[in-house]
Structures are given as structure tokens and as C-alpha cells.
Amino acid sequence: MGFFVEVLIGGLMAGVLYSLVALGFVLIFKASGVFNFAQGAMVLFAALTFVRLIDILKDTFAPIMLSLLITIALMVVLAMAVERLVLRPMVNQPGISLFMATLGIAYFLDGFGQTLWGSDIYTLDIGIPKEPLMLLETVFEGGVLVASEDLIATVVAGLLVVVLAIFFQRTRVGRALRAVADDHQAAQSIGIPLNYIWVVVWTVAGLVALVAGIIWGSKLGVQFSLSLIALKALPVLILGGFESVLGAIIGGLIIGAGEKLSEIYLGPYVGGGIEYWFAYMLALFFLLFRPQGLFGEVHIDRV
Amino acid sequence: MGYSKLIKGLLLSMLLVIVGCGQKEEGTGTDTSSDSQTSSNTNNQAYAPTPDGNEQFVPVLSYRTGPYAPNGTGVANGFVDYLKLVDARDGGVNGVRISFEECETEYKTDRGVECYERLKGLGPTGATVFNPNSTGVTFALTEKTTTDKIPLITMGYGRSESRDGSVFPWNFPMMGTYWTAADVLVQHVGNLSGGLDKLKGKKIALVYHDSPFGKEPIPLLQKRSEMHGFSLTTIPVTHPGVEQKAAWLQVRQDKPDYVFLWGWGVMNSTSIKEAAAVRYPREQMFGVWWSGAEPDVTPAGDDSIGYSSVTLQHSAGSDNQVHKDIFKYVYDAGAGSGDRDRVGEVLYNRGMLNAAIVVEVIRNAQSKYGQKPLTGEQIRWGIENFELTQAQIDKLGLTGMVQPIKLSCSDHEGTRIARIHTWNGKTWEYSSDWIEASDAVIKPMVETAASNYAKEKNITRASCES
């Protein structure tokens with residue numbers, strides 16, 4: 001039983017890490033109706049920029065803080081460039097065209113980031129404790145082992161959700177974002193500046209990518225594989241719904257726990273290595289009952 | 001209008017930051033950047049034939065981008081630097097210049113095959129010999145090279161049964177197959193336990209990359225498990241290996257006496273970190289030679305101390321004569337492929353050694369066919385009849401990095417000995433004597449597997465008598 005609990009907790013923690021990446025997808029989809037395939041590349045680009053700047057600025061008085069500020073500034077610049085060079089010329093184009101454009105952005109950022117900063121593995125140490133914690137030792141023999149960095153990631157993800165929920169629900173900009181997502185033209189007609197809104201949402205997604213990149217980067221080292229973590233976020237999105245911040249979190253938890261439990265308890269019967277595709281199977285299974293995802297919006301179109 | 005000015009201003013600032021960063025690195029001259037080490041463009045100039053056509057073309061399949069770039073770059077730099085050294089120091093091989101072109105595979109099988117098709121016809125006599133640097137690409141090219149008559153050198157990777165030249169005349173898994181590596185590891189943990197008979201009742205877990213590469217050692221380990229009575233648990237990790245929590249929770253649950261790690265790229269450092277996270281002792285972890293280089297241990301910091309791997313004979317080090325020559329003729333001339341400080345890392349040395357063997361088999365083939373550009377078929381003879389003696393090793397400046405090698409029609413591997421090295425937090429140190437893989441165990445497996453392959457592909461075994 002102790003082992004089951006350990007796998008379950010480990011899976012939930014892994015799920016939170018997936019959610020961190022999934023949040024970036026949700027933000028842009030929620031605010032612009034665009035599925036941003038470049039989110040993984042943004043995670044890599046943000047983390048690479050951050051870690052390499054720390055190295056370059058290591059002789060200054062506050063390398064981490066300075067690097068963080070410069071990286072944030074660069075993510076703002078990136079958002080502006082994306083809006084100006086990619087999105088603006090494609091206003092009112094079909095969603096699939098915008099999606100294809102984000103594919104291009106993903107390939108560009110992957111290559112640009114590595115050309116600029118190198119493609120080696122860079123160690124990122126921002127002081128997150130690594131020592132695992134042993135919990136419930138009196139309840140289960142051997143206790144339940146929990147990685148402290150995963151716990152911190154959980155707290156960070158929780159905070160992000162709260163901040164984003166307030167941003168979307170309580171602020172003027174947040175409401176404008178939702179209006180743009182519903183209908184570009186209608187939003188423009190009532191005076192919502194579409195270009196500005198797109199810059200804001202890509203900036204916020206860039207900042208979420210930076211947070212995800214820092215958490216994942218301190219865990220794995222900053223390297224190209226960070227961009228592949230986006231693939232882990234896809235089943236989370238399918239399950240949680242593309243428009244729901246809460247769905248990204250709940251979806252992450254279900255996917256994380258489901259894939260770990262399946263790997264441990266079903267894997268040995270089918271040769272193992274099933275967690276990758278099992279996540280998609282699990283998401284598709286949920287879609288049978290809720291095609292819009294657990295927390296996705298139901299769209300009813302007049303025909 | 002103001003908005004567009006803001007964009008221009010910010011873009012300009014970004015440019016200044018980037019330029020400033022570059023200047024700082026250049027000024028300090030420190031290894032803050034691996035840009036030069038990892039640049040994907042350094043050697044990617046297209047092949048241009050020399051006017052007299054007196055050259056031997058060597059195709060280079062490398063990966064300097066993608067998830068495996070941190071490992072692939074070191075191998076590629078070592079390989080290319082040695083080719084440059086031979087051209088700069090010796091004027092080629094007996095006067096025949098060495099030309100090459102790199103092709104980026106990203107460690108993807110389809111890209112590898114595409115690179116093969118693009119490069120195989122270059123040079124006055126076509127491609128000399130391919131070094132795919134990937135087991136997946138090797139599997140894909142095995143049949144193609146037979147048709148095209150171009151040999152494949154797969155130093156430390158590829159199909160283990162391909163050492164049987166009577167079935168695989170064009171494959172040369174020189175210096176060690178995965179069965180050799182796995183056998184050496186079993187013998188090593190046997191030695192640590194007080195003898196192979198002491199492995200009875202012990203548990204060994206294989207944490208492996210879920211790919212043809214990762215699955216290769218399983219038959220040998222199963223065989224050894226039956227022989228010595230240890231239990232074997234196989235735990236796959238899906239590509240690229242960034243998420244391994246389930247695998248390591250399983251290790252924590254099973255509490256194996258030893259873990260063998262069969263990973264590549266980010267999987268290795270992640271495994272070491274996860275082992276630390278579940279408090280599995282690194283002293284009981286042993287990797288294959290593709291899991292025992294600097295990029296595998298440095299990202300995990302102090303968690304890597306005590307971790308070991310089998311070597312493909314050599315470890316790290318830049319004190320050999322060959323390194324001194326590379327510094328003198330390549331780096332001092334400004335032609336180095338990577339960062340000077342990283343010459344001599346484990347994977348750099350592997351690439352360099354691989355290129356040295358390519359050059360020596362060309363030399364060997366020239367001894368029969370003359371000092372001129374040779375075809376792949378002629379080079380194949382040079383490989384199959386290749387012998388690297390201690391005297392030649394010393395002459396090449398490779399003393400201590402490699403032991404004598406002797407290939408034959410029936411043995412395309414040439415040698416089956418290896419050492420273990422252990423990471424001490426700063427560098428690799430040898431932690432065992434030479435261990436020879438047991439051919440009494442491996443040879444029957446090779447014969448069976450090669451026969452099965454021959455039957456499946458309808459291949460008639462060649463005679464190795466003549």
C-alpha cells in the first residue's frame with residue numbers, strides 16, 4: 001500500500017510539472033483561439049536564455065535577478081515580434097493557418113535558441129533543495145518518498161493558477177482577452193485593441209514558459225529536450241480542455257497519476273514502456289464521455 | 001506608430017545584449033560558452049572536389065542539434081579534428097588527401113538514411129566508409145550498404161551479431177559490441193561480489209532506452225542470468241528519457257543489488273538524478289560506454305560521484321601525443337571544431353579514435369590496392385584484414401587509449417576487452433583492470449543470431465576459409 005501511495009504521489013507531482021507547460025498552451029488558446037505549437041520551444045528558449053545569462057553575468061552583484069529581468073524583457077520582445085511579424089498579417093484567417101504559423105515559430109525558436117546559446121546541457125541551480133523527503137514513515141513501512149523539488153513545483157503551479165485566475169476573471173485586460181478569444185471581429189468592433197491583447201497574452205505565455213523552463217531546467221539541466229516536454233502537455237490539454245486553467249491542472253494530475261500507475265502496475269504485463277502512449281489513451285478515453293475535455297467550453301454553433 | 005517604435009527599440013536592445021554577451025565571452029576567454037563546441041555550422045561546408053581528384057572522401061554523419069546534441073557534438077568534433085590533423089600534419093594518407101562533409105542526422109533514423117543517400121556518391125570513388133553513430137541508423141543501413149558495397153564501421157554500437165563477417169560482410173562493430181559491454185559489466189559486478197558464483201540470488205536491474213540500442217544487451221544478460229542464478233529485471237525508459245519517475249520508483253521497490261544503465265543523451269543524467277532522488281547508491285550503478293561521458297554526469301552535479309561505466313577502452317584525457325598534435329596542427333591554426341578546453345573529453349576521444357581507425361584502414365587498403373583514392377569495396381578489404389599492433393598504437397600517439405586490434409572475416413569486432421571508469425566529481429578514473437568478455441558465452445549467441453538473420457533475409461553464409 002505504501003508503494004502504491006508513493007507512485008500515486010509521484011505521479012501527481014509529475015502531473016503538476018506537465019500542467020506548468022500546459023498552462024502556456026491554455027493561455028494562448030483561451031485568449032486567441034490559437035493552438036500554440038511553439039509553447040515547448042518557448043520553454044526551451046526562455047530557459048536557455050536565463051541559464052546562459054546567469055553564466056555571463058556571474059561576476060555581477062545579482063546574476064540570477066539580472067538574468068531573470070533580461071529574460072523577461074526578451075520574452076516581451078518575442079511576444080511583440082510574434083504579434084508584429086506573424087499574427088498581425090493573419091488577422092481573421094482560419095485557426096488552422098494560425099496553428100501552422102506557430103509550427104514555424106517553434107522551428108525557428110528551436111534553431112535560433114541553440115544557435116545563439118549553444119546546444120550543450122547547462123546546469124541550472126537556483127537553490128531549489130534536491131534532498132528527497134520521507135513522509136508517513138509511521139504509517140507505511142519504509143515511508144513514502146517525495147522529491148522536494150516536485151513539492152516546490154506544485155506550490156509554484158498553484159500560485160500561477162491563482163494569479164492567472166485573478167488575471168482572467170478580475171482584470172479589465174483579462175476580460176478583454178476572453179472577448180478576443182470569442183470573436184476577433186466583434187472584439188475589435190467594440191474597441192478592444194486586438195494587437196495589444198495578442199502581445200499581452202503571448203507575453204504571459206512567455207512568462208509561464210520561463211517558469212516552466214526554470215523548474216524543468218533545474219530538474220533536468222537546460223537542454224534541447226525541454227522543448228519535447230510540450231509533448232507531455234498534449235494529453236493534459238486533451239483531457240483538461242484547451243480553454244481552462246483549472247482543466248490544465250486537474251488534467252495534469254490525472255495524466256501524471258494515470259501514467260505512473262499504469263507503468264508500474266500494467267507495464268510488466270505488456271513489456272513496459274507504456275506510460276508515454278497510455279497518457280494519450282487515458283485522454284482519449286475521457287473524450288468519449290466529454291468531447292470538449294473535462295473543463296472545456298461547449299460550443300454550439302447555429303447551422 | 002509609437003508601438004512600432006517601441007518594437008524597434010526593444011529589438012535593437014536585444015541585439016545589443018546579444019552582441020555584448022558575445023564580446024564578453026571572447027574577452028574573458030573562459031569556457032562560459034560551448035557555442036563553438038556545439039555550433040552546428042562549424043564543419044558543415046559542402047564538399048568541393050579537389051582539382052586533381054587525389055582524395056579519399058569520408059562522409060560524416062553527426063548530430064549537433066536535437067535532444068542528443070550534447071553527446072553527439074563531442075563525438076563529431078573528435079572525428080573531424082582528427083581528419084583535419086591527418087591532412088594538416090601528414091598531407092593526407094600517403095599523399096591522398098582526406099576530404100569530408102558533415103551531415104546532420106539529429107540522431108534520427110530517417111535523417112540518417114537521407115544523409116547516407118546524399119553522401120554516398122561524393123568523392124572521386126564514392127564514400128569510403130560510413131560511421132552512422134546510431135544503432136537505429138545502422139539497422140536501417142545494413143541492407144543498403146550491402147547493395148552499395150560501402151562498409152559500415154560501428155565502433156561500440158550496432159547489431160551485436162554483426163561481428164560475424166560471414167553473414168554481415170559489410171558491418172564492422174569494432175572494439176566492442178553491446179554483448180561485449182554487458183558481459184564485461186556482469187564480470188565486473190561478479191568481481192565486486194567475490195566471484196561470478198556469488199551473483200546467485202542477487203538482483204540486477206537494467207534501466208534501458210526503449211529502442212534497438214537499449215534492447216541489445218537483454219539476450220546476453222538473460223543468458224548470464226541463467227548461468228549464474230541472478231534475477232534480471234528490465235525497465236524501459238521512453239525516448240528521450242526526461243521523465244523516469246516510474247522507472248526509479250520501481251528500482252526503489254525492487255532494491256536491486258546493481259543497476260545497469262543503457263541510456264543515451266539526457267536519459268543518463270536524468271537517471272543519475274532520479275537514482276539520487278530515490279536514494280539508490282550510485283556506487284551500485286554501472287552504465288554502458290554511451291552512458292559514461294562528461295555530459296552524462298556533470299548535469300547531476302555531486303549526485304554523480306561514485307557512478308561508473310564500462311569504457312570503450314579509453315576514458316578522458318588529453319595528454320597523448322595525438323592530442324598534442326591536434327592542438328598544434330588544428331587548434332593553433334584556428335581550425336578546431338570545438339572548444340579547446342574540451343579536447344580530450346570521453347566522447348571527443350571516442351570520435352578521434354574512430355577517425356584514427358578509419359584513416360588506418362584506408363592506409364591498410366592502400367597497401368594492397370595502391371596509394372590512390374579507393375572504392376568502398378577496396379576499403380572493406382582494408383578493414384577485414386586490419387591489424388593494429390602496439391607499435392602502431394605508439395606511433396599514432398594513442399598509447400594507453402586502445403589495445404591491439406585484429407580483425408578477420410569471422411571476427412569483425414577485433415577485440416573484446418574493456419575497463420571500468422568511475423566519476424569522482426571532477427574527472428573519470430579507471431576503477432578496474434582490463435576485463436575480457438567471455439567468447440565462450442558470446443560466440444554461440446552470435447552464431448545463432450547471425451544464422452537467424454541469414455535465414456530471415458535469405459543470405460548464404462560466406463566462407464571465411466580463404
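Hi everyone. Let me start with what I mean by an aromatic pair: two rings of Phe, Tyr or Trp whose centres lie within 6.5 Å. The model you see here is a predicted one, and by this rule it holds 30 aromatic pairs over all chains.

Let's visit one of them. B:Tyr63 and B:Trp264 meet edge-to-face, with 6.4 Å from centre to centre and 90° between the planes. Where in chain B do these two residues sit? B:Tyr63 is in the loop between β1 (55-62) and α3 (69-90), while B:Trp264 is in the loop between β7 (258-262) and α10 (266-277). The pair links distant parts of the chain, 201 residues apart. And are these residues buried or exposed? B:Tyr63 is buried, at a relative accessible area of 4%, and B:Trp264 is buried too, at 2%.

Here is another pair from chain B. The ring centres of B:Tyr116 and B:Phe130 are 4.6 Å apart and their planes meet at 55°; that angle is neither under 30 degrees nor over 60, so the pair counts as tilted. B:Tyr116 belongs to helix α4 (residues 109-119) and B:Phe130 to the loop between α4 and α5 (135-148), so the pair ties together parts 14 residues apart in sequence. Both B:Tyr116 and B:Phe130 are buried.

Over in chain A, rings also gather in a group. One aromatic cluster is made of A:Phe25, A:Phe29, A:Phe35, A:Phe37, A:Phe99 and A:Phe242.

Finally, a look at charges over rings. B:Arg350 lies over the face of B:Trp290, 4.6 Å from the ring centre. B:Arg419 does likewise with B:Tyr430, lying over its face at 3.7 Å from the ring centre. Thanks for listening!

Definitions and conventions
Residues are numbered from 1 along each chain as its sequence is written. Chains are lettered from A and ligands numbered from 1 in the order in which they are written. This is a predicted model: local features need pLDDT of at least 70, side-chain atom pairs count only at pLDDT 80 or more; totals for chains, interfaces and linings use all residues. Side-chain values use heavy atoms; hydrogens and water are left out. Rings of Phe, Tyr and Trp (its six-membered ring) pair if their centres lie within 6.5 Å; planes under 30 degrees apart count as stacked, over 60 as edge-to-face and the rest as tilted. Helices (H or I, at least four residues) and strands (E, at least two) are DSSP runs, numbered from the N terminus. Buried means under 20% relative accessible area, exposed over 50%, partly exposed in between (1.4 Å probe, protein chains only). A charge sits over a ring if NZ of Lys or CZ of Arg is within 6 Å of the ring centre and within 35 degrees of the ring normal.
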